[in-house]
Amino acid sequence: MEPIIHEIKSWLLEAGEQIKASERQQLTIFEKTNRKDLVTNMDRTVQQFLVQKIAAFDPDARILAEEDGYNELTDLTGRVFIIDPIDGTLNFVMEGENFCIMLAMYENGVGQLGFIYDVMQEELYWGGRGIGVYQNDLQLSQPVNKTLEAGLLGMNGYLFAHNKFNIRTIGEKSMGVRITGCAGLEMIAMLKGNHIGYLSNLSPWDYAAGCVLLTEFGFFYSNMNGEQLAFHGRELFVAATPKAFQQIHSFLEI
Ligand code: 2AM
Ligand code: CA
Ligand code: CA
Ligand code: CA
């Protein structure tokens with residue numbers, strides 16, 4: 001295995017241990033834009049830890065991350081590490097589980113490596129361009145290209161509640177809608193073949209790692225117009241099996 005993969009895995013496991021060792025009652029919770037948009041001291045600690053590790057290992061790399069002023073990068077020129085220190089912060093605070101640490105490496109806009117660590121399940125989903133997708137040490141096989149009618153569809157609670165983009169019609173066509181509150185877990189569900197797709201409003205750190213792995217397994221993804229994701233700002237993220245992707249786009253109302 002490439003040394004960098006081994007290195008990144010060790011960082012993620014160590015960060016996960018830090019989270020598990022922290023006392024939930026001792027968390028400091030801050031509101032960002034509204035009462036449901038939270039960040040905790042652990043989000044910040046994990047991000048700082050990963051930023052330091054990357055800077056020491058690869059000083060030339062650039063970093064895009066959700067918290068603390070690292071979210072400004074507007075292009076993917078060169079080697080870029082993209083970090084979501086805790087994905088599913090609301091789950092982390094309210095449930096103490098169902099959250100992930102996500103990290104991706106891109107080179108000139110091309111996804112090379114992706115890591116999604118489900119900390120409490122101790123399951124690390126990882127892989128990269130041309131090397132496949134793994135769950136811990138087990139190599140996963142590519143899910144079946146199911147239609148929208150044949151599978152479960154992950155989506156964001158806000159989009160569902162407000163029926164944005166005609167999303168409820170799309171959900172109704174599927175076998176059922178699932179709302180996990182964690183983009184990383186939605187990516188994992190697709191990679192395992194449990195869900196056929198995912199619709200949400202996302203930022204680059206929410207989808208960077210997932211996109212590397214989804215590409216390996218032949219999933220399609222785009223913004224709401226069917227165009228490439230910008231990797232800058234928040235936009236509708238549509239990912240699905242090739243069959244379901246076409247169907248979802250035919251029902252999406254912009
Ligand atoms: P986060 O916990 O890292 O913020 C919840 O629907 C999922 O969408 C989570 O993965 C969450 O990531 C992500 N998300 C992105 N932007 C969000 C926002 N403004 N509010 C809530 N969740 C957001
Ligand atoms: Ca957040
Ligand atoms: Ca996130
Ligand atoms: Ca986050």
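**A five-stranded sheet, its covering helix and the ligand shell**

In this predicted model, helix α8, spanning residues 242–251, lies across three strands, namely β12 (195–202), β13 and β14. Relative to β14, the helix runs at about 140 degrees.

The sheet behind these strand names is an open one with five members, and its pairing is mixed. Reading across, the order goes β11-β10-β12-β14-β13. The two edge positions belong to β11 (176–178) and β13 (220–222). Each of these has just a single partner strand, so one side of β11 and one side of β13 are left without a neighbour in the sheet. As for twist, neighbouring strands here are turned against each other by 15 degrees on average, with direction ignored.

At the β13 edge, the partner is β14, which covers residues 235–240. The two strands pair in the antiparallel sense, over three bridges. Within this pairing, Y221 stands opposite A239 of β14.

Now to the ligand. Ligand 1 is surrounded by 14 residues, and the closest of them are D87, T89, N156, G181 and A183. Which elements give two or more residues to this shell? They are β4 (79–87) and β12. Strand β12 thus turns up twice in this account, since helix α8 also lies across β12. Sorted by class, the shell around ligand 1 comes out as six polar, five charged and three nonpolar residues. Both domains chip in: domain 1 (1–139) and domain 2 (148–251) each supply at least three residues to the shell.

Key: Residues are numbered from 1 along each chain as its sequence is written. Chains are lettered from A and ligands numbered from 1 in the order in which they are written. This is a predicted model: local features need pLDDT of at least 70, side-chain atom pairs count only at pLDDT 80 or more; totals for chains, interfaces and linings use all residues. Two strands pair if DSSP finds at least two bridges between them. Helices (H or I, at least four residues) and strands (E, at least two) are DSSP runs, numbered from the N terminus. Axes are lines fitted to C-alpha atoms, for helices over the stretch in contact, and angles run from 0 to 180 degrees between N-to-C directions. Two residues are in contact if their C-beta atoms, placed from the backbone, lie within 7 Å. A residue is near a molecule or strand if its C-beta atom, placed from the backbone, lies within 6 Å of it. Ala, Val, Leu, Ile, Met, Phe, Trp, Tyr, Cys and Pro count as nonpolar, Asp, Glu, Lys and Arg as charged, and the others, Gly among them, as polar. Domain bounds come from an automatic or database domain assignment.
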